[in-house]
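Please find my notes on this model below, set out as numbered points. They are meant to be read with the structure open.

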Amino acid sequence: MQPRPHRSPRDSFRSVEQDFDALILRIRRLAAHRGYSREALLSPMLKRLIPAGRLSGDALADTEELRKRLTGAALDQKAVAYLTESVEIELDFARLRLD
């Protein structure tokens, strides 16, 4: 497994909302993966923010629901970075479940 790139402190000027788009895309990709299992998620924060059921498949509705959840959680920059890394790790585990 390759190490995930970490953010430089100089990138901290970006707003959290700018990072939501990338995080939402990753969460949707994780939830749509064949090896995804909500019960097997390691991160309690990620488990709390991902809907209990499967996503509807409607990209706009899913994106808006995830954006509401993330906005309602009042996440700071470090939490968004943690969630982004957690989603990438969970995607790796989902791929491994298929083997």
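**Notes on the model**

1. Overall make-up. The chain has four helices and zero strands. Read from the N terminus, its elements run α-α-α-α. Of the 99 residues in the chain, 33% are buried. Among contacts with a separation of 6 or more, 69% are between residues 24 or more positions apart. The surface that the chain exposes comes to about 6,500 Å², and carbon and sulfur atoms supply 56% of it.

2. Confidence. This is a predicted model, and the pLDDT averages 84 over the chain. A score of at least 70 is reached by 82% of the residues. Confidence is lowest in H1, with a mean of 85, and highest in H4, at 94.

3. Helix H3, length. H3 covers residues 59–72, which is 14 residues. At 1.5 Å a residue it should span 20 Å, and the end C-alpha atoms are 20 Å apart, so the two values agree.

4. Helix H3, faces. Which residues of H3 are buried? They are Asp-62, Leu-66 and Leu-70. These three cover an arc of only 65 degrees around the axis, which puts them on the same side of H3. The face turned away from that buried side carries the exposed residues Leu-60, Lys-68 and Gly-72. After H3 comes Ala-74, which has a positive phi, near 50 degrees.

5. Helix H4. This helix has 21 residues and runs over residues 77–97. From first C-alpha to last, H4 reaches 30 Å, close to the 30 Å expected at 1.5 Å a residue. Its buried residues include Val-80, Leu-83, Val-87 and Leu-91. The polar or charged side chains deserve a look as well: Gln-77, Thr-84, Ser-86, Glu-88, Glu-90 and Asp-92 are also among the buried residues of H4.

6. Salt bridges between helices. The count comes to five salt bridges. Side chains of opposite charge can pair when their charged atoms come close. In one of the bridges, Arg-26 pairs with Glu-88, and the closest N and O atoms are 2.6 Å apart. This pair links distant parts of the chain, with Arg-26 in helix H1 (residues 16–32) and Glu-88 in helix H4, 62 residues apart. Glu-88 also meets Arg-29 in a salt bridge, at 3.5 Å from N to O. Arg-29 lies in H1 and Glu-88 in H4, so this pair ties together parts that are 59 residues apart in sequence. Arg-26, Arg-29 and Glu-88 are thus linked in a network of salt bridges.

7. Exposure within the network. Is Glu-88 buried or exposed? Glu-88 has a relative accessible area of 11%, so it counts as buried, the cut-off being under 20%. Arg-26 is partly exposed at 25%, and Arg-29 is partly exposed at 45%.

8. A salt bridge inside H4. Arg-95 forms a salt bridge with Asp-92, the closest N and O atoms being 2.8 Å apart. How far apart are Arg-95 and Asp-92 in helix H4? They are three residues apart, so about one helical turn separates them. Arg-95 counts as partly exposed, at 40% relative accessibility. Asp-92 is buried, with a relative accessible area of 11%.

Notes
Residues are numbered from 1 along each chain as its sequence is written. This is a predicted model: local features need pLDDT of at least 70, side-chain atom pairs count only at pLDDT 80 or more; totals for chains, interfaces and linings use all residues. Side-chain values use heavy atoms; hydrogens and water are left out. Helices (H or I, at least four residues) and strands (E, at least two) are DSSP runs, numbered from the N terminus. The expected span of a helix is 1.5 Å times one less than its number of residues. Buried means under 20% relative accessible area, exposed over 50%, partly exposed in between (1.4 Å probe, protein chains only). The arc is that of the directions from the helix axis to the C-beta atoms. A salt bridge is a side-chain nitrogen of Lys or Arg within 4 Å of a carboxyl oxygen of Asp or Glu. pLDDT is the predictor's confidence in each residue, from 0 to 100. Contact means heavy atoms within 4.5 Å. Accessible areas come from the Shrake-Rupley method with a 1.4 Å probe; for residues, only the protein chains shown count as cover.
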